[in-house]
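Take a walk through this fold, from its helices to its sheet. Keep the sequence and the coordinates side by side.

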Amino acid sequence: MKDKIDDIQRITEELINSIGEDPSREGLLKTPLRVAKSWDYFTQGYSANVDEIINGAIFDEQCNDMVVVRDIEFFSMCEHHMIPFFGKAHVGYIPNGKVIGLSKIPRIIDMFSRRLQVQERLTHQIAETIKDNLDPTGVAVVMEGRHLCMQMRGVAKQNSFATTSAMLGQFRKSSETRAEFLSFIGK
């Protein structure tokens with residue numbers, strides 16, 4: 001980890017120089033270290049392990065009604081511009097004899113969002129991970145994100161949101177199931 005922090009510090013100092021600033025200026029003296037520590041946090045999903053995150057919190061339960069966790073805040077870094085995007089995720093699944101500890105769902109979201117990402121891939125990685133670990137009848141994930149790369153540069157549209165979804169199993173097959181999930185999350 002120290003090598004990673006040292007490398008990012010050096011690169012940040014070079015960036016500060018490249019944009020015409022003075023890295024020895026008082027306000028910027030500790031910026032390379034702060035940036036390095038920030039990037040270490042922003043990218044901790046690369047070293048995360050889904051089995052360690054779930055930590056055995058999958059339980060036998062003869063429940064087959066939809067489970068929904070909504071309004072889960074997330075942030076990630078756009079892989080195209082390395083600028084943040086953030087928003088809310090909504091996750092639903094229909095158990096097939098197993099349920100997962102509810103706090104594990106936001107942790108799975110964090111694991112994948114703390115990587116360089118695109119929202120489309122992120123949405124599907126979350127859905128596939130829940131499917132692979134629970135074998136539910138269906139999984140649904142809807143993510144709503146504000147992308148600073150779109151708000152601060154390029155088209156500069158400050159009030160835009162991107163919405164992505166992944167519907168697997170029963171959520172893909174049944175319009176009634178999908179509609180029930182969407183009504184739960186207010187869409």
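By about how much of a helix are tryptophan 39 and phenylalanine 42 separated in helix α2? They are three residues apart in α2 (residues 31–42), so about one helical turn separates them. Helices here are DSSP runs of H or I with at least four residues, strands are runs of E with at least two, and both are numbered from the N terminus.

A word on the source comes next. This is a predicted model, in which local features need pLDDT of at least 70, side-chain atom pairs count only at pLDDT 80 or more, and totals for chains, interfaces and linings use all residues. Residues are numbered from 1 along each chain as its sequence is written, and side-chain values use heavy atoms, with hydrogens and water left out.

Stay with the aromatic residues. A pair of aromatic rings is described by the distance of the centres and the angle of the planes. Rings of Phe, Tyr and Trp (its six-membered ring) pair if their centres lie within 6.5 Å; planes under 30 degrees apart are stacked, over 60 edge-to-face, and the rest tilted. The whole structure yields five aromatic pairs. In the pair of tryptophan 39 and phenylalanine 42, the ring centres lie 5.6 Å apart and the planes stand at 80°, so this pair is edge-to-face. Tryptophan 39 is buried, at a relative accessible area of 18%. Phenylalanine 42 is partly exposed, at 24%. The cut-offs are under 20% relative accessible area for buried, over 50% for exposed, and partly exposed in between, with a 1.4 Å probe and protein chains only. Trp39, Tyr41, Phe42 and Phe75 together form one aromatic cluster.

Now turn to helix α1. Its 17 residues run from 2 to 18. From first C-alpha to last, α1 reaches 24 Å, close to the expected 24 Å at 1.5 Å a residue; the expected span is 1.5 Å times one less than the number of residues. Ile5, Ile8, Thr12 and Ile16 are the buried residues of α1. They cover an arc of only 75° around the axis, so they sit on the same side of α1. That arc is taken from the directions from the helix axis to the C-beta atoms. The buried residues of α1 pack against α2, where contact means heavy atoms within 4.5 Å. The face turned away from the buried side carries the exposed residues Asp3 and Ser18. After α1 comes glycine 20, with a positive phi near 95°.

Charged side chains come next. The structure holds ten salt bridges, each a side-chain nitrogen of Lys or Arg within 4 Å of a carboxyl oxygen of Asp or Glu. One of them joins lysine 4 and aspartate 40 at 3.1 Å, N to O. This pair links distant parts of the chain, with lysine 4 in helix α1 and aspartate 40 in helix α2, 36 residues apart. Lysine 4 is partly exposed, with a relative accessible area of 33%. Asp7, Arg10 and Glu14 are linked in a network of salt bridges.

Helix α5 (residues 119–134) adds further cases. Glutamate 128 and lysine 131 meet in a salt bridge at 3.6 Å, N to O. These two are three residues apart in α5, so about one helical turn lies between them. Glutamate 128 is partly exposed at 32%, and lysine 131 is partly exposed at 34%. Lysine 131 also meets aspartate 132 in a salt bridge, at 3.4 Å, N to O. Aspartate 132 counts as exposed, at 55% relative accessibility.

The sheet is the last stop. Five strands form an open sheet in the order β5-β2-β3-β6-β7, with mixed pairing. At its edges stand β5 (116–117) and β7 (162–169); each has a single partner strand, so one side of each is left without a neighbour in the sheet. Two strands pair if DSSP finds at least two bridges between them. β3 pairs with β6 (residues 138–147) in the antiparallel sense, over ten bridges. Valine 91 has valine 141 in β6 as its bridge partner.

Finish inside β3 (residues 84–94), which holds alanine 89. Is alanine 89 buried or exposed? It counts as buried, because its relative accessibility is 0%. Leaving out residues up to four places away in sequence, alanine 89 touches Val69, Arg70, Asp71, Ile72, Phe74, Ile109, Val142 and Met143. Asparagine 159 lies 70 residues from alanine 89 along the chain, and their C-alpha atoms are separated by 18 Å.
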